[in-house]
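Here are my notes for you, written as numbered points. Keep the model open while you read and find each place as it comes up.

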Amino acid sequence: MTISVEGDLTFRDVVRERSGEDIHSCFYCQKCTAGCPTAFVMDYAPAQLLRMIQLGQREAVLSSTAPWLCVGCETCGTRCPNHIRLAPMMDVLRQMALEEGYVADPAAYALHRSFLSSIKRWGRVHELTMLMEYKTRCLLAESSLFFRGLGSDLMMGKDLVLKGKLAFIPERVKRLDEVRKLYAEAGEGNK
Amino acid sequence: MKYSYYPGCTAKTTSVEFGFSTEAVCEALGVELVELEDWSCCGASSAHSLNHELSLALPARNVALAQDTHLDLVTSCPACYQNSLKADRALREDEAWRRKMEETLDFRYNGEGEPRHLLDVLSHDLSLDEIRARVVKPLKGLKVAAYYGCVLVRPPEFTGWDDAEHPMTMDRLLEAVGAEAVDWSYKVDCCGASLTLSRGEIVTKLSSRIVNGAIEAGADCIATACGICQINLDTRQKCEREVPIFYFTELMGIALGVSGLEKMWGKHGVDPRPLLRERGFLA
Ligand code: SF4
Ligand code: SF4
């Protein structure tokens, strides 16, 4: 990685503003990275990503896999000496990435999208149809994603059915119009 | 003692053991749960992943419904709990957004319907003596590793009812029903949560590390307070021996003598019956 100082210095202000986290105060002690459960699979570790934001490396940050692998576990925020919570920062980076057309992890995106569409349809998540939509979205995004983990997905599905842990009929919220209104107001009406 | 109860989307399906044992244990302890009328999904980890506003608006609907009941809003799912807490905080602090929500959902925010997690309620609204007094079958000799996972006790400025790095509430409850809570180092490590569907191999690694930690500490089994944690540890562990993963409410249920639990054991990934039989907790 080359670090340039000619980066986009408005970027860090936008991230600070939208996340509500004072990312400017990070002094790179890397405690967040040390405790992060998924840093070992991220292309840039949490502290590194933060430094890149400070330096305005907009494109590299928005195309990073890190926000898609952050599970929002709040370990970093609990331990940071400057009380910076990276979970809300990662949420903002993921949302900005989507707004600008970067999807570094199409499978994770497919999962979250399917989840949200299940809630919009029923008011609650219906796991069976949500999982079917997720696999379909994976297939449409990249056929290899559909086959990745397919064996264990099917085993898991079979297991859940045999144990009576999947409902075939969805539960539907009575005042579904209220839920749909919340979607529309959040700009999710047509997604 | 009466509460509004938010079961969440998985309490009758993938986490049916948690839903069932939560209701049974509360009944045995005289804690009345009234299911929130027409509740909707809190958005889990997907709403905050893709849309900030939606991630607050979805749980705000449940907070609004709970407020009408004038009761605290209790849930056993840490993700639902965390999302509801964030929505409640935003309703309290962000005036413009609160007005918008009040209009959309036709309610007036007054701070009632406070989101609480079941572990907090059982640990703080009841005394350990009250719980001890109701034990009919003490879990004598059972070594349990109490596992809290991620957002149940974090971030501390949101939750605040237990230590974020070394929580003890679940340990104390398990000791109150006669079990031995082991000291171990993985109580608040993350299991990988929702990555289980898109990146299963990561969750296998994280969950196995946690289960191995419990084995090293000499535990017979692990107790959790989260549906995703239970499923991940239960179905993704790859360790030298299989470790049963219980909901803490299932273990409390055995000790309190609640009926119907026997129907739950077959639903687990790692069958807990051999352990329970060997220790004399199951005929
Ligand atoms: S723990 Fe805080 S100060 Fe240290 S590197 Fe991470 S964000 Fe920066
Ligand atoms: S919240 Fe995200 S970045 Fe922070 S420790 Fe957890 S997974 Fe890592």
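How much area do domain 1 of chain B and domain 2 of chain B bury between them? I'll get to that in point 2, after some ground rules.

1. **Before you start.** This is a predicted model, so local features need pLDDT of at least 70 and side-chain atom pairs count only at pLDDT 80 or more, while totals for chains, interfaces and linings use all residues. Residues are numbered from 1 along each chain as its sequence is written, chains are lettered from A and ligands numbered from 1 in the order in which they are written, and side-chain values use heavy atoms, with hydrogens and water left out.

2. **The two domains of chain B.** The domain assignment splits chain B into domain 1 (2-119) and domain 2 (136-278); such bounds come from an automatic or database assignment. Their centres, taken over C-alpha atoms, are 24 Å apart. Now the answer: the two domains bury about 2,300 Å² between them, with 75% of it on carbon and sulfur atoms. Buried area here is the accessible area (1.4 Å probe) that two parts lose on being put together, summed over both. On the domain 1 side, Glu17(B), Phe18(B) and Leu119(B) lose the most area to domain 2, together 30% of what that side buries.

3. **What touches what inside chain B.** Contact (heavy atoms within 4.5 Å) links 24 residues of domain 1 of chain B with 31 residues of domain 2 of chain B. Look for salt bridges (a side-chain nitrogen of Lys or Arg within 4 Å of a carboxyl oxygen of Asp or Glu) and you get 0 between these domains. There are 6 residue pairs in polar contact, both residues at pLDDT 80 or more. That term means a pair of N or O atoms within 3.5 Å; within protein, one must be able to donate a hydrogen and the other to accept it, and residues adjacent in sequence count only if both atoms are side-chain atoms.

4. **Where chain A meets chain B.** This contact takes 54 residues from chain A and 58 residues from chain B. The two chains bury about 5,000 Å² between them, 59% of it on carbon and sulfur atoms. Arg124(A), Lys165(A) and Leu182(A) supply 13% of the area that chain A buries against chain B, more than any other three residues.

5. **Polar links between the chains.** Here the count is 7 salt bridges. Asp38(B) pairs with Arg175(A) in a salt bridge, and their closest N and O atoms are 3.7 Å apart. The same interface has 26 residue pairs in polar contact (both at pLDDT 80 or more).

6. **Ligand 1.** Which residues are closest to ligand 1? Among the 13 that surround it (a heavy atom within 4 Å), the closest are Cys26(A), Cys29(A), Gln30(A), Cys32(A) and Cys80(A). Helix 2 (31-35) and helix 3 (46-54) of chain A each give two or more residues to this shell; helices (H or I, at least four residues) are DSSP runs, numbered from the N terminus.

7. **Ligand 2.** 13 residues surround ligand 2, and the closest are Cys36(A), Cys70(A), Cys73(A), Glu74(A) and Cys76(A). Helix 6 and helix 7 of chain A are the elements giving two or more residues to that shell.
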